[in-house]
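Q: I would like to learn how to read salt bridges and helix packing from a set of coordinates. Where should I begin?

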Amino acid sequence: MKFFLDTANVKEISEAAKLGLADGVTTNPSLIAKEGDVDFKTHIAAICDIVSGPVSAEVTSEDVEGMVREGREYAAIAKNVVVKCPLTRAGLTATHQLDSEGIKVNVTLCFSAAQAILAAKAGASFISPFLGRLDDIGENGLLLLGDIIEVYRNYDWKTEVLAASIRHPIHAIEAARMGADIATMPFKVIDQMFNHPLTDKGQAQFLADWRKSGRK
Ligand code: E4P
């Protein structure tokens, strides 16, 4: 399973890259807004300088023409930019057009297997089911992820399944168990994946014993 960073924060992306945990990056308008008054294209270019894998840049137009125009502009920023389009009728029409021009599209805001099938048929390179946001309304995001993986296995569609809206390590573990192609995670979740109290306790004990034995 590939690890994407679900952030637009350059410091977090650099830190994950040093750990070999930044196979790609997903941004969205809310994540870009958190970075303050940055120029969008310059910021995406800076991320692409750090990460050689796919970097998603989301369109903000609501009509097909606007999405396609933005998509072409974003794809020109760097060769690893993937255009992110919402799972709306306009978004899938734009996806189909951009795909026909050789531009990769990540279809975002997917909340049903039916939507995921439509995205694959439209030519999406990635489909992003949002696990956490389904959990937030009392549904089970992992069941959706499992459904999509099961359906996609029946065909040789090129669309990779990108588990998104991941909120905790259990989401990441279960996505890996199901064979999701990618999990995109906030840096906080990657950090949580490191943690185990017995690792900390064991390491402290090893070092204490080493020092007690007179070694430096
Ligand atoms: C990723 O591509 C999505 O934009 C992201 O995972 C959304 O996560 P959230 O539900 O935590 O905002």
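A: Begin with exposure: a residue is buried under 20% relative accessible area, exposed over 50%, and partly exposed in between. The model here is predicted. In this chain, buried residues make up 45% of the 216 residues.

Q: What are the overall dimensions of the C-alpha trace, and how many helices and strands does the chain have?
A: Along its principal axes the C-alpha trace spans about 70 × 40 × 30 Å. The chain holds 11 helices and 8 strands. Of the contacts with a separation of 6 or more, 57% are between residues 24 or more positions apart.

Q: How many salt bridges does a search of the whole structure find?
A: Side chains of opposite charge can pair when their charged atoms come close. The search of the whole structure gives 9 salt bridges.

Q: Which residue meets Glu160 in a salt bridge?
A: Lys2 does, with an N to O distance of 2.7 Å. Glu160 belongs to strand 7 (residues 160-163) and Lys2 to strand 1 (residues 2-6), so this pair ties together parts 158 residues apart in sequence.

Q: Is Glu160 buried or exposed?
A: Neither label applies: Glu160 has a relative accessible area of 22%, so Glu160 is partly exposed. Lys2 is also partly exposed, because its relative accessibility is 33%.

Q: Are the partners Glu58 and Lys84 buried or exposed?
A: Glu58 is buried, and Lys84 is buried too. Their side chains form a salt bridge at 3.6 Å, N to O. This pair links distant parts of the chain, with Glu58 in strand 3 (residues 55-58) and Lys84 in strand 4 (residues 81-86), 26 residues apart.

Q: Where do Glu174 and Arg177 lie, and how many residues apart are they?
A: Both are in helix 9 (residues 169-178), and being 3 residues apart they are separated by about one helical turn. Their side chains meet in a salt bridge of 2.9 Å, N to O. Arg177 counts as exposed, because its relative accessibility is 62%. Elsewhere, salt bridges that share partners join Lys41, Arg69 and Glu73 into one network.

Q: Turning to helix packing, at what angle do the axes of helix 8 and helix 9 cross?
A: The axes of helix 8 (residues 141-153) and helix 9 cross at roughly 20° and come within 10 Å. Angles under 35 degrees count as roughly parallel, and helix 8 is therefore roughly parallel to helix 9. The crossing of helix 8 past helix 9 is right-handed.

Q: Which residues in helix 8 and helix 9 meet?
A: From helix 8 they are Leu142, Leu145, Gly146, Ile149 and Arg153; from helix 9 they are His171, Glu174, Ala175 and Met178. The residues of this contact divide into 5 nonpolar, 2 polar and 2 charged. Glu174 thus appears both in this contact and in the salt bridge with Arg177.

Q: What angle do helix 6 and helix 8 make?
A: Helix 6 (residues 113-122) and helix 8 pack at about 40°, with their axes 9 Å apart. That angle makes helix 6 oblique to helix 8. Their crossing is right-handed.

Q: Which residues form the contact of helix 6 with helix 8?
A: Ala113, Ala116, Ile117 and Ala120 in helix 6 meet Leu144, Asp147, Ile148, Val151 and Tyr152 in helix 8. By class, this contact has 8 nonpolar residues, no polar ones and 1 charged.

Conventions. Residues are numbered from 1 along each chain as its sequence is written. This is a predicted model: local features need pLDDT of at least 70, side-chain atom pairs count only at pLDDT 80 or more; totals for chains, interfaces and linings use all residues. Side-chain values use heavy atoms; hydrogens and water are left out. A salt bridge is a side-chain nitrogen of Lys or Arg within 4 Å of a carboxyl oxygen of Asp or Glu. Helices (H or I, at least four residues) and strands (E, at least two) are DSSP runs, numbered from the N terminus. Buried means under 20% relative accessible area, exposed over 50%, partly exposed in between (1.4 Å probe, protein chains only). Axes are lines fitted to C-alpha atoms, for helices over the stretch in contact, and angles run from 0 to 180 degrees between N-to-C directions. Angles under 35 degrees count as roughly parallel, over 145 as roughly antiparallel, 65 to 115 as roughly perpendicular and the rest as oblique. A crossing is left-handed if the near helix is turned anticlockwise from the far one by less than a right angle, and right-handed if clockwise. Contact means heavy atoms within 4.5 Å. Ala, Val, Leu, Ile, Met, Phe, Trp, Tyr, Cys and Pro count as nonpolar, Asp, Glu, Lys and Arg as charged, and the others, Gly among them, as polar.
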